[in-house]
Amino acid sequence: FRSSYLASIQTNALAKGASLNQQVSVNIADKKIGNWYLLIRTDANGQLVELNENNNVKAIPITVVQSPLPDLTVSSLSTDSVLTSGESIRIKSTTGNVGKSVTRSNKWSDAYYLSSSTVLNTKTAIHLGSKTHIGNLDVGTSYSSEVSFTIPSNVQGNYILFVVTDASDAIVEKNENNNTKSIPVFINGSAETPADLQIASINVP
């Protein structure tokens, strides 16, 4: 069975026949929804020697519903009109929160890829780089990002440029399937002519 530790309270000595009322507030992790049992265990560390060690647990059924969640999505993505292998690529993007809550975390990363396929596979795509966003994002707000990376010298032709917000899944979201945006790009081959060394002449004294 699944279980999650929530909290503990320190209790002082309790006289014979006495009882104690206690109250504690706990945070339940996101997406732990459904029917659960809330278990309370006294003397959880087994510090006391008791007449009966088998009556220290009480369980009650509870139903957990999901509180409102944020939802990050990339609304715009653009880059330079002319791209050349081995040179810099400048990328601009805008990411917003279209969910129902401010982001729980204030730090996540946006990742940028070049792919030969319209379907992103991060294991085979070319990872250009990432940028870390710092700061909570409230509902209905967005942030703009501009990054520059170097296109590998062996890359040229038709590609798809991808940006993935919250690339490491640091944010629990209402919809985890709308974090990617892409545009087609064409990358020209390098204009530089490769070096070609030749012996022009040999002089013998």
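Two strands count as paired here when DSSP finds at least two bridges between them. The model shown in these views is predicted.

**Figure 1. An open sheet of five strands with mixed pairing.** The strand order is β4-β10-β9-β6-β7. β4 and β7 (126-134) are the edge strands, and each pairs on one side only. Strands of a sheet pair through backbone hydrogen bonds, either parallel or antiparallel. The next two views take up individual pairings.

**Figure 2. The β4, β10 and β9 part of the sheet.** β4 and β10 pair in the parallel sense, over two bridges. Thr-84 has Asn-188 of β10 as its bridge partner. β9 and β10 pair in the antiparallel sense, over eight bridges. There, Ile-160 has Pro-184 of β10 as its bridge partner. β9 spans residues 157-164 and β10 spans residues 180-188. β4 spans residues 83-84.

**Figure 3. The pairing of β6 with the edge strand β7.** β6 and β7 run antiparallel and are joined over eight bridges. Lys-107 stands opposite Ile-134 of β7. β6 covers residues 107-115, and β7 covers residues 126-134. In a regular strand the side chains alternate between the two faces of the sheet.

**Figure 4. The largest pocket and its lining.** Its volume is about 1900 Å³. The lining holds 48 residues. Nearest the pocket centre lie Ala-7, Leu-39, Ile-40, Arg-41 and Thr-42. By class, the lining divides into 24 nonpolar, 17 polar and seven charged residues. β1 (34-41) and β2 (57-64) each supply at least two lining residues. Which strand gives the most to the lining? β1 does, with seven residues.

**Figure 5. The salt bridge between Arg-104 and Asp-30.** The two side chains meet at 2.9 Å, N to O. This pair links distant parts of the chain, 74 residues apart. Arg-104 sits in the loop between β5 (88-97) and β6 (107-115). Asp-30 sits in the segment before β1. Side chains of opposite charge can pair when their charged atoms come close. Are the two partners buried, exposed or partly exposed? Arg-104 has 40% relative accessibility, so it counts as partly exposed. Asp-30 has a relative accessible area of 23%, so it is partly exposed.

**Figure 6. The salt bridge between Asp-80 and Arg-90.** The closest N and O atoms are 3.4 Å apart. This pair, too, links distant parts of the chain, with the two positions ten residues apart in numbering. Asp-80 lies in the loop between β3 (72-79) and β4 (83-84). Arg-90 lies in strand β5. Asp-80 has a relative accessible area of 23%, so it is partly exposed. Arg-90, at 38% relative accessibility, counts as partly exposed. The count for the model comes to two salt bridges.

**Figure 7. Positive phi at Asp-43.** Asp-43 is not a glycine, yet its phi is about 50 degrees. Most residues other than glycine have a negative phi, and most peptide bonds are trans. Asp-43 has its place in the loop between β1 and β2. Is Asp-43 buried or exposed? The cut-off for buried is under 20% relative accessible area. Asp-43 is at 16% relative accessibility, so it counts as buried.

**Figure 8. Positive phi at Asp-169.** Phi of Asp-169 is near 60 degrees, a positive value in a residue other than glycine. Asp-169 is found in the loop between β9 (157-164) and β10 (180-188). Exposed means over 50% relative accessible area. Asp-169 is at 55% relative accessibility, so it counts as exposed.

**Figure 9. The surroundings of Ser-75 in strand β3.** Which residues does Ser-75 touch, not counting those up to four places away in sequence? Ser-75 touches Thr-94 and Lys-181. Ser-75 and Val-164 are 89 residues apart in sequence. In space, they are 11 Å apart, C-alpha to C-alpha. Ser-75 is at 48% relative accessibility, so it counts as partly exposed.

Key: Residues numbered from 1 in each chain as written. Predicted model: local features only at pLDDT ≥ 70, side-chain atom pairs only at ≥ 80, totals over all residues. Heavy atoms only, no water. 1 Å grid on protein atoms, 1.4 Å probe; cavity = no way out; pocket = protein on both sides within 12 Å on 5 of 7 lines; lining within 4 Å. Points joined across faces, edges and corners; volume = space filled by probe spheres on them. Helix = DSSP H or I, 4+ residues; strand = E, 2+ residues; numbered from the N terminus. Nonpolar A, V, L, I, M, F, W, Y, C, P; charged D, E, K, R; others polar. Salt bridge = Lys/Arg side-chain N within 4 Å of Asp/Glu carboxyl O. Buried < 20%, exposed > 50% of the residue type's maximum accessible area, 1.4 Å probe, protein only. Contact = heavy atoms within 4.5 Å.
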